[in-house]
Amino acid sequence: MNEKIIKVIKFQMAHRHFSTLQDYHEYMGFPDAMHPLFSIVFLDPNKPYKNLRLVSPTITTDFYTIKLKYDQACEFFYGRTKYDFQKGSLVFVAPQQRIEWDMKRHKIKQDGFILTIHKDYLRGTDIERKFRKASFFSYAVHEALHFSPKEENTIKQIILSIHEEYQGNIDNYSKDIILAQLASLLRYSVRFYNRQFINRKEMNSHISAKFNDALNEYFETTYHHERKLPNIEMIARKMEVSSRYLTDTLKAETGKTAIEHLHLYLLEEAKTMLLDPSWSISQVAYQLGFEYPQYFSRVFKKKTGLSPKEYQRQYR
């Protein structure tokens, strides 16, 4: 049995999926959920949960999970990416995302909150689409949202309001109030993430340069063997970032998404090749990984305003 198959079998044996909140709470060592589709758990360093699960292999859930950690770092894995969970970090996890963690490596105080929302709780509501569209639910953990003290206080106040409603008597207004507060939490998170992109211009510039380096490396090595256009997920993996975070950081820095940058890179390669008399338009298209020369010509004209033939006539 080869090594790849063994790894798959080990993953399947270790992996667990949770579709009910109660099963998830039992696994985590939390008290029973007060609602079958929605829960909020505060981690109090003065009253720690004795049975809190400190180490876990890979799990997935049917929930949106929002986690805030106030205190020291712990080792946490999201997909295959390790992240030191620093003070004041907010992490968003979408349904079906793979997570695992190991808190035994550090002496950690239980401090923060875990907000868990079953996807069925949002189904059919206005906020469901906003949750599904929020790009940061697809970020890796090391791309978490980090707060200023003022921002952290804003988030805490919203969470306390949700918790108050969660603990109160359930009536016809409860869900509408909680959904409205979740919408506020989402709006502030978008706002704070945009601030984070602006404040991290140096890091964003690094990502932009790293993106071009990854493309250069791909076309100099892998492409010659596979003859296949790279996709954003592939390049993001090489850079050890999530594809959504890559797109958002590039958009914040340059105004263009990752796929737009990829197209621009390909067009620059195409322009150089089209000016070489030894290359036909079809050869350029196939060389760059386009399955159909007609599609290549459409993309080229859309981006440059000239067809490949017009470009050759004008610049050769």
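Glu-151 counts as buried in this predicted model, its relative accessibility being 10%, and because the cut-off for burial is under 20% relative accessible area, Glu-151 falls on the buried side of that boundary. The side chain of Glu-151 nevertheless has a charged partner, for it meets Arg-195 in a salt bridge with an N to O distance of 2.6 Å. This pair links distant parts of the chain, since Glu-151 belongs to helix α5 (residues 149-167) and Arg-195 to helix α6, with their positions 44 residues apart. Arg-195 itself is partly exposed, with a relative accessible area of 23%.

Helix α6, which spans residues 174-199, also carries Phe-197. Phe-197 is buried at a relative accessible area of 5%, and its C-alpha atom is separated by 9.5 Å from that of Leu-250, a residue 53 positions away along the chain.

**Salt bridges**

Side chains of opposite charge can pair when their charged atoms come close. The count of salt bridges in the model comes to six, and the bridge between Glu-151 and Arg-195 is one of them. Another is formed by Asp-62 and Lys-119, whose side chains meet at 3.8 Å, N to O; this pair, too, links distant parts of the chain, with Asp-62 in the loop between β3 (55-61) and β4, Lys-119 in helix α3 (residues 119-122), and the two 57 residues apart. Asp-62 counts as buried at 10% relative accessibility, whereas Lys-119 is partly exposed at 28%.

A further salt bridge joins Arg-132 to Glu-128, where the closest N and O atoms are 3.8 Å apart. Here the partners lie four residues apart in helix α4, and therefore about one helical turn separates them. Arg-132 is exposed, with a relative accessible area of 59%, while Glu-128 is buried at 15%. The three pairs described here are set out below.

| Acidic partner | Basic partner | N to O distance |
|---|---|---|
| Glu-151 | Arg-195 | 2.6 Å |
| Asp-62 | Lys-119 | 3.8 Å |
| Glu-128 | Arg-132 | 3.8 Å |

**A positive patch**

Helix α4 also contributes to a patch of positive charge on the surface, in which Arg-129, Lys-130, Lys-133 and Arg-187 gather. The largest share of this patch, three residues, comes from helix α4 (residues 126-133). Arg-129 is found in that helix and is exposed, with a relative accessible area of 52%.

**The open sheet**

Five strands make up an open sheet with antiparallel pairing, in the order β2-β9-β4-β7-β10. Strands β2 (38-43) and β10 (145-146) stand at the edges, where each has a single partner strand, so that one side of each is left without a neighbour in the sheet.

Strand β4 (residues 63-69) has seven of its seven residues buried, and it is therefore largely enclosed by the rest of the structure. In a regular strand the side chains alternate between the two faces of the sheet. In β4, both faces are covered, with Phe-63, Thr-65, Lys-67 and Lys-69 buried on one side and Tyr-64, Ile-66 and Leu-68 buried on the other.

On one flank, β4 runs antiparallel to strand β9 (residues 112-118), to which seven bridges join it. Among the bridge partners, Phe-63 is matched with His-118 of β9, and Lys-69 with Gly-112 of β9. The pairing of β4 with strand β7 (residues 89-93) is likewise antiparallel and extends over five bridges; within it, Thr-65 stands opposite Val-93, and the bridge partner of Ile-66 is Phe-92.

Strand β9 has seven of its seven residues buried, so it is largely enclosed by the rest of the structure. Gly-112, Ile-114, Thr-116 and His-118 point one way from β9, Phe-113, Leu-115 and Ile-117 point the other way, and all of them are buried. Beyond its pairing with β4, strand β9 pairs with β2 in the antiparallel sense over six bridges, and in this pairing Leu-43 stands opposite Gly-112. Gly-112 of β9 thus has Leu-43 as one partner and Lys-69 as another.

Key: Residues numbered from 1 in each chain as written. Predicted model: local features only at pLDDT ≥ 70, side-chain atom pairs only at ≥ 80, totals over all residues. Heavy atoms only, no water. Buried < 20%, exposed > 50% of the residue type's maximum accessible area, 1.4 Å probe, protein only. Pairing = 2+ DSSP bridges. Patch = residues over 30% accessible without salt bridge, like charges linked within 9 Å, V, L, I, M, F, W, Y side chains within 5 Å. Areas by Shrake-Rupley, 256 points an atom, 1.4 Å probe, with all protein chains shown as cover. Salt bridge = Lys/Arg side-chain N within 4 Å of Asp/Glu carboxyl O. Lys, Arg positive; Asp, Glu negative; His and termini not counted. Charge placed at Lys NZ, Arg CZ, Asp CG, Glu CD.
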